[in-house]
Amino acid sequence: MGLATTKVLILISSQLLLVAFMFGNTCKTVFEAMIFVFVMHPFDVGDRCVIDGVQMIVEEMNILTTIFLRYDNEKILYPNAVLATKPISNFFRSPEMGDC
């Protein structure tokens, strides 16, 4: 009985280790992006920001990515995990939005 239990525990722990190895980085990226969007919240849609020396307007915000519109109408997609590591200057901050 003890040998079967040990084998089952080894099988389960090895499977958990495999899942953690496969999805660990993805979970980390999603968690960092959610913290950036919901907690740090450095900009809203319509804000005029400077990132990497380029002035852009925030066009769309998603959980994992943000889409900016550059001065020449080129759309630039940044992962939010990357934006969390960059300095962001926000020239036009949208007014506080409350829940209706």
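Two strands count as paired if DSSP finds at least two bridges between them. The model used in these exercises is predicted.

**Exercise 1.** Find how β1 and β2 pair, and state which residue in their hairpin takes a positive phi.

Solution.
- Step 1: β1 and β2 are joined by four bridges in the antiparallel sense, which meets the cut-off of at least two bridges.
- Step 2: Within this pair, Arg 48 lies opposite Ile 57 of β2.
- Step 3: The hairpin of β1 and β2 has two residues between the strands, and Asp 52 there has a positive phi near 55 degrees.

**Exercise 2.** Work out the order of the strands in the open sheet, and explain why β4 and β5 each have one side without a neighbour.

Solution.
- Step 1: β2 and β3 run antiparallel and share five bridges; Met 56 has Arg 70 in β3 as its bridge partner. Three residues lie between β2 and β3 in their hairpin.
- Step 2: β1 is joined to β5 by four bridges, again antiparallel, with Val 50 bridged to Ser 89 in β5.
- Step 3: The five strands have the order β4-β3-β2-β1-β5.
- Step 4: β4 and β5 (88–92) are at the edges with a single partner strand each, so one side of each has no neighbour in the sheet.

**Exercise 3.** Identify which elements give two or more residues to the largest nonpolar core.

Solution.
- Step 1: The largest nonpolar core has eleven residues, among them Phe 36, Val 37, Ile 51, Val 58 and Tyr 78.
- Step 2: The elements giving two or more residues to this core are α1 (2–40), β1 (48–51), β2 (54–61) and β4 (75–79).
- Step 3: Phe 36 touches residues including Phe 43, Leu 83 and Ile 88.

Note on methods. Residues numbered from 1 in each chain as written. Predicted model: local features only at pLDDT ≥ 70, side-chain atom pairs only at ≥ 80, totals over all residues. Heavy atoms only, no water. Core = buried A, V, L, I, M, F, W, Y, C linked by side-chain atoms within 4.5 Å. Buried < 20%, exposed > 50% of the residue type's maximum accessible area, 1.4 Å probe, protein only. Contact = heavy atoms within 4.5 Å. Lists of a residue's contacts leave out its neighbours within four places in sequence.
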